[in-house]
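Student: Could you take me on a close look at one part of this protein? I would like to see how a single residue sits in its surroundings, and then how that fits with the rest.

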Amino acid sequence: TRLGYRWLNGDKSAMYGINAGYDSRPMATGQTVDGIQLLGSEQSVFYQQIGVSAEAATKNYRLNAYALLPIGETEQWLNWYAAGGALNTYGLDLKLKAVDRLSASLGYYYQHGDLGAANGSGVKGEIAYEIADDVSLAVKGTYDEAFETRISGNIVYRFGGSSAKPSSVSDELLVALKAAPAYRNVRVHDCHWYDLECDIKSASS
């Protein structure tokens, strides 16, 4: 869930917003991890967090600051082999419109949790191109020591089109006003009983 408020400034050249809410993530492993048999020890666990975010946008940039704050049992055994911990995450993302239809974003985040195994900083980036008024393609990448390098791509189609937008509001601000709140995933990292940096003894069973 998210509850928030967005508003335009007086001349409708910028948008601001704040939101906060609750997220949950049930989680279970399969019968093997890394090819190792779990021998029926796998458990279903449940993670929760409170998320808060603030944003600002103009025709040419969008800035987001966010914090993800796990609550409840944040560190739990997943099976005999590994425990998982929900991560406190604090980040800042900046998205710029480089040229017409092409945009790029760069972000920084700091995470800590998972019994000490995932503490550290990370970076992420994205390049997006609008192939039509309501269709865009994007390639995303992130890197931190816990999750290492991850690359993904997506196609976004915005239903409703931009023809109904007020003439005094730019397409970019209209998209920002309509966009669903981001940063809602409960981020979980696992560590194994033999990891030296992991205080796995404190995990809940």
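Tutor: Let's start with Asp114, which lies in the loop between strand S9 and strand S10 (120-132). Strands here are DSSP runs of E, at least two residues long, and helices are runs of H or I of at least four residues, both numbered from the N terminus. A word on the source: this is a predicted model, where local features need pLDDT of at least 70 and side-chain atom pairs count only at pLDDT 80 or more, while totals for chains, interfaces and linings use all residues. Residues are numbered from 1 along each chain as its sequence is written, and side-chain values use heavy atoms, leaving out hydrogens and water.

Is Asp114 buried or exposed? Asp114 counts as buried because its relative accessible area is 0%; buried means under 20%, exposed over 50%, and partly exposed in between, with a 1.4 Å probe and protein chains only. Which residues surround Asp114 there? Setting aside neighbours within four places in sequence, Asp114 is in contact (heavy atoms within 4.5 Å) with Glu75, Ala83, Gly84, Gly85, Ala86, Leu87, His189, Asp190 and Cys191. Take Glu75 as an example: 39 residues separate Glu75 from Asp114 along the chain, yet their C-alpha atoms are 6.2 Å apart. The protein as a whole has many such long-range links: among contacts with a separation of 6 or more, 54% join residues 24 or more positions apart.

Now step back into strand S9 (102-113), where you will find Tyr108. Tyr108 counts as partly exposed because its relative accessibility is 42%. Tyr108 also belongs to a nonpolar surface patch of about 900 Å², whose other members include Phe46, Ile50, Leu69 and Tyr110. Patch residues have over 30% relative accessible area and no salt bridge (a side-chain nitrogen of Lys or Arg within 4 Å of a carboxyl oxygen of Asp or Glu); nonpolar side chains (Val, Leu, Ile, Met, Phe, Trp, Tyr) are joined within 5 Å, and like charges within 9 Å. Strands S5 (45-58), S6 (61-71) and S9 each give the patch at least two residues, and S5 has the largest share, with 3.

Finally, here is the setting for both residues. The protein has 1 helix and 13 strands, and the helix comes just before the last strand in the pattern. Its C-alpha trace spans about 60 × 30 × 30 Å along the principal axes. Of its 205 residues, 37% count as buried, and Asp114 is one of the buried ones.

Notes. Accessible areas come from the Shrake-Rupley method with a 1.4 Å probe; for residues, only the protein chains shown count as cover.
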